[in-house]
Amino acid sequence: MTDHTLVLLRHAKSDWSGDEDDRHRPLAARGRRQAPEAGRWLANGVERIDLAVVSPAVRARSTWELAAAELATPPPVRLEEDVYAASADGLLDVVAGLPEDLATVVLVGHNPGMEDLVEQLTGEWVGMPTSALAVVDLPGAWADVARVTGVLRATGRPPS
């Protein structure tokens with residue numbers, strides 16, 4: 001069995017000043033500054049990313065676009081409806097369905113699902129404010145993600 005790495009990235013700070021519905025809320029100026037910082041950390045802290053699975057919400061897509069622009073080789077992107085407003089169990093289902101040939105995947109989503117997922121995967125509660133990252137090493141197959149205990153390798157905004 002192959003080991004995998006899951007990188008969780010919570011979307012950057014969104015702009016609440018308009019009247020957009022939740023799905024269409026854009027990034028705030030602070031979010032547009034935060035997201036590239038997360039991307040620079042990814043460029044220096046993660047050797048290779050095989051896929052980005054991104055919530056279709058505007059703030060999540062914009063976060064990933066700004067972060068990915070900092071990577072030498074941005075990975076393919078899969079917009080995944082099931083990531084939007086998902087619980088940890090819903091996110092586990094998304095991860096469990098990943099193709100086995102992907103070694104490292106970035107999941108770009110929302111709280112509280114992201115915080116809850118880190119805790120389910122590692123047994124450690126980690127705060128995931130906007131633009132926070134958590135890097136979790138997982139033993140075994142993606143399909144077994146709900147039955148294994150991962151190791152929290154790094155966390156923070158951006159991690160140190």
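# Exercises on strands, backbone outliers and charged side chains

Thr104, Val106 and Val108 point to one side of strand E4, while Val105, Leu107 and Gly109 point to the other side, and all of them are buried. The model used in these exercises is predicted.

## Exercise 1. Strand E4 and its neighbours

Task: determine how strand E4 is covered and which strands pair with E4.

Solution.

Step 1. Locate the strand: E4 covers residues 104–109. Six of its six residues are buried, and E4 is described as mostly covered.

Step 2. Consider the two faces. In a regular strand, side chains alternate between the two faces of the sheet. In E4, Thr104, Val106 and Val108 make up one set, and Val105, Leu107 and Gly109 point the other way.

Step 3. Find the pairing with E1. Strand E1, residues 4–10, runs parallel to E4 over six bridges. Within this pairing, Arg10 has Gly109 of E4 as its bridge partner.

Step 4. Find the pairing with E2. Strand E2, residues 51–54, also pairs with E4 in the parallel sense, over four bridges. Here Ala52 stands opposite Val106 of E4.

## Exercise 2. Strand E1

Task: decide whether E1 is enclosed or open, and give the sense of its pairing with E5.

Solution.

Step 1. Check the burial of the strand. E1 is largely enclosed by the rest of the structure, because seven of its seven residues are buried.

Step 2. Sort the residues by direction. His4, Leu6, Leu8 and Arg10 point one way from E1, and Thr5, Val7 and Leu9 point the other way.

Step 3. Examine the pairing with E5. The two strands are antiparallel and share six bridges. Leu9 has Leu133 of E5 as its bridge partner. By contrast, the pairing of E1 with E4 is parallel.

## Exercise 3. Backbone outliers

Task: identify where a cis peptide bond occurs, and state whether Ala85 and Ser131, which have positive phi, are buried or exposed.

Solution.

Step 1. Recall the background. Most residues other than glycine have a negative phi, and most peptide bonds are trans.

Step 2. Find the cis bond. The peptide bond from Asn111 to Pro112 is cis, with omega near 5°. Pro112 sits in the loop between E4 and helix H4, residues 113–122.

Step 3. Take Ala85. Its phi is near 55°. Ala85 is in the loop between strand E3 (77–79) and helix H3 (88–96). Ala85 counts as exposed because its relative accessibility is 61%, and the cut-off for exposed is over 50%.

Step 4. Take Ser131. Its phi is near 70°. Ser131 belongs to the loop between H4 and strand E5 (133–138). With a relative accessible area of 1%, Ser131 is buried, the cut-off for buried being under 20%.

## Exercise 4. Salt bridges

Task: state how many salt bridges a search of the whole structure finds, and describe the pairs Arg23 with Glu81, Arg40 with Glu70, and Arg147 with Asp144.

Solution.

Step 1. Give the total: the search finds eight salt bridges.

Step 2. Describe Arg23 and Glu81. Their closest N and O atoms are 2.7 Å apart. This pair links distant parts of the chain, with Arg23 in the loop between E1 and H1 and Glu81 in the loop between E3 and H3, 58 residues apart. Arg23 is partly exposed at 25% relative accessible area, and Glu81 is partly exposed at 44%.

Step 3. Describe Arg40 and Glu70. The closest N and O atoms of this salt bridge are 3.6 Å apart. The pair also links distant parts of the chain: Arg40 is in helix H1, and Glu70 is in the loop between helix H2 (58–68) and E3, 30 residues apart. Arg40 is partly exposed at 39% relative accessibility, as is Glu70 at 31%.

Step 4. Describe Arg147 and Asp144. Their side chains meet in a salt bridge at 2.4 Å, N to O. Arg147 is exposed, with a relative accessible area of 62%, whereas Asp144 counts as buried at 18%.

Step 5. Look for shared partners. Asp22, Arg25 and Arg59 are joined into one network by salt bridges that share partners.

## Exercise 5. A positive patch

Task: name the residues that form a positive surface patch, and place Arg30 in the fold.

Solution.

Step 1. List the members: Arg30, Arg32, Arg33 and Arg157 form the patch.

Step 2. Place Arg30: this residue lies in helix H1, residues 29–45.

Step 3. Classify Arg30: at 40% relative accessibility it counts as partly exposed.

Key. Residues are numbered from 1 along each chain as its sequence is written. This is a predicted model: local features need pLDDT of at least 70, side-chain atom pairs count only at pLDDT 80 or more; totals for chains, interfaces and linings use all residues. Side-chain values use heavy atoms; hydrogens and water are left out. Patches are made of residues with over 30% relative accessible area and no salt bridge: like charges are joined within 9 Å, nonpolar side chains (Val, Leu, Ile, Met, Phe, Trp, Tyr) within 5 Å. Accessible areas come from the Shrake-Rupley method with a 1.4 Å probe; for residues, only the protein chains shown count as cover. A salt bridge is a side-chain nitrogen of Lys or Arg within 4 Å of a carboxyl oxygen of Asp or Glu. Lys and Arg count as positive and Asp and Glu as negative; His and the chain ends are not counted. The place of a charge is taken as NZ of Lys, CZ of Arg, CG of Asp or CD of Glu. Buried means under 20% relative accessible area, exposed over 50%, partly exposed in between (1.4 Å probe, protein chains only). Two strands pair if DSSP finds at least two bridges between them.
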